[in-house]
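Reader: Hi! I am new to reading protein structures, and I would love a close look at one single part. Could you walk me through a strand and its surroundings?

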Amino acid sequence: MALHFTRSELEGRQKRLQEEVTRLGLSGLLIFRQESMYWLTGYDTSGYSQFQCLWFGVTGDMVLLTRSADIRQARLTSTVDDVRVWVDQHGTNPAETLFGAIRDRFKFGSRIGVEYGATTLNTQRGKLVDAAFAKDANLEDASELISALRLIKSPAELVYVREAGRIADQAWRNGLAKCVPGNSESDILAELYGTVLKAGGDPAAGRFVCGAGDNALQCRYFTGKGTIGEIDQVTVEFAAAYRHYHVVLMRTALVGQASATQRRMHAAAVEALAACQQRLKRGFTFGDLFDAHAEVLDRHGFQHARLNACGYSLGTSYPPTWMEWPMAYAGNPVPIAPGMVIFLHMILLDSEARLAMSLGETFIVTDEAPERLSALDHFLPLMR
């Protein structure tokens, strides 16, 4: 069995969830997020693109409903014993199959939590679930229940997080070596992807970003790769994943020369990241992180170029994104606590000047100073 955690570790997580379900007065939870299933049982698949659900009852009982293609996946990667199948055929309603599979596990009129905020549970499928349970149970949004439990990483999880950090640093070094005039953005991306996979890592939950010239102002993946010029700017954002635990790095490298404005932008980003680090500890919130970042960048005259968020939690993630709840934006009251893994990004995108600058890396919150997951310096990368 391809379990990446001990059974006692997984049972401890299940116990914590059982306590939360009991505290909330729920009869159970309909789990649709693949991240939640992996964290809770080890179940590892890409089959969540289709309808699948893990029932978790208030007594700790579990039933996984999936498709025939994932039966063996569940047997080999998870601790779930009761695996049911809904059949792919015209007219099949998997939500009705789910209801039938667990109807004897809750009383009429029970309150049941649902992970509505899940990639697999799109609006169409969500309506099917609502209709299937409408007469027998009261469904409630519990999208953040497991997400909140996953925020604090165990020592076993942090082992994988640190390995992802080591791989990310190596990938950046290899990718930066390809950041030279005449090379394609694809040459950098190929090094990043190749390094992560060769090191035993996983494909990340999101697509890597690499843009030169005006493309450096795009902080999302885009198609159509450009060529690095003699004098250029190149923005790179990527994640190394190990056992699905992600560590993200972000940098803007300059090619040929650095203007005075670009140096000011970089200095502001370094100062802003340092200010955020000072608040990566108990007593502060995710909103406080944003405030620290905004105060520095605004003071340096870059309010027009900064974004409305400056980071987010990281953990086990599956496509389409490695971004986890919660995010660092104005007023977010979620408190910071030891054991959290947080990516902070200082991003400046000046559309009028057509200049970009970014600096981002991942930290583990501790009882002392935050633990950097990168050994890279913060000097402005200048390639010639």
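Which strand do two bridges join to β9, and do the two run parallel or antiparallel?

Author: Happy to help! This is a predicted model, where local features need pLDDT of at least 70 and side-chain atom pairs count only at pLDDT 80 or more, while totals for chains, interfaces and linings use all residues. Residues are numbered from 1 along each chain as its sequence is written, and side-chain values use heavy atoms, with hydrogens and water left out.

The strand you are asking about is β15 (residues 382-383), which runs parallel to β9 and is joined to it by two bridges. Strands here are DSSP runs of E with at least two residues, numbered from the N terminus, and two strands pair if DSSP finds at least two bridges between them. Within this pairing, Val-255 of β9 has Met-383 of β15 as its bridge partner.

β9 has other partners too. With strand β13 (residues 355-364), β9 pairs in the antiparallel sense over two bridges, and Met-250 stands opposite Gly-360 there. With β8, the pairing is also antiparallel, this time over 11 bridges; Ala-240 faces Val-247 of β9.

Now look at how β9 is covered: 11 of its 11 residues are buried, meaning under 20% relative accessible area (over 50% is exposed, in between is partly exposed, with a 1.4 Å probe and protein chains only). In a regular strand the side chains alternate between the two faces of the sheet. In β9, Tyr-245, Val-247, Leu-249, Arg-251, Ala-253 and Val-255 point one way. His-246, Val-248, Met-250, Thr-252 and Leu-254 point the other way, and the residues of both sets are buried.

Finally, follow the chain back to the turn. β8 and β9 form a hairpin with two residues between them. In the loop between β8 (232-242) and β9 (245-255) you find Arg-243, and His-244 has its place in that loop as well. Most residues other than glycine have a negative phi, and most peptide bonds are trans. Arg-243, though not a glycine, has a positive phi of about 55°, and His-244, also not a glycine, has a positive phi of about 75°. Their surroundings can be compared by accessibility: Arg-243 counts as partly exposed at 23% relative accessibility, whereas His-244 is buried, with a relative accessible area of 12%.

Conventions. Helices (H or I, at least four residues) and strands (E, at least two) are DSSP runs, numbered from the N terminus.
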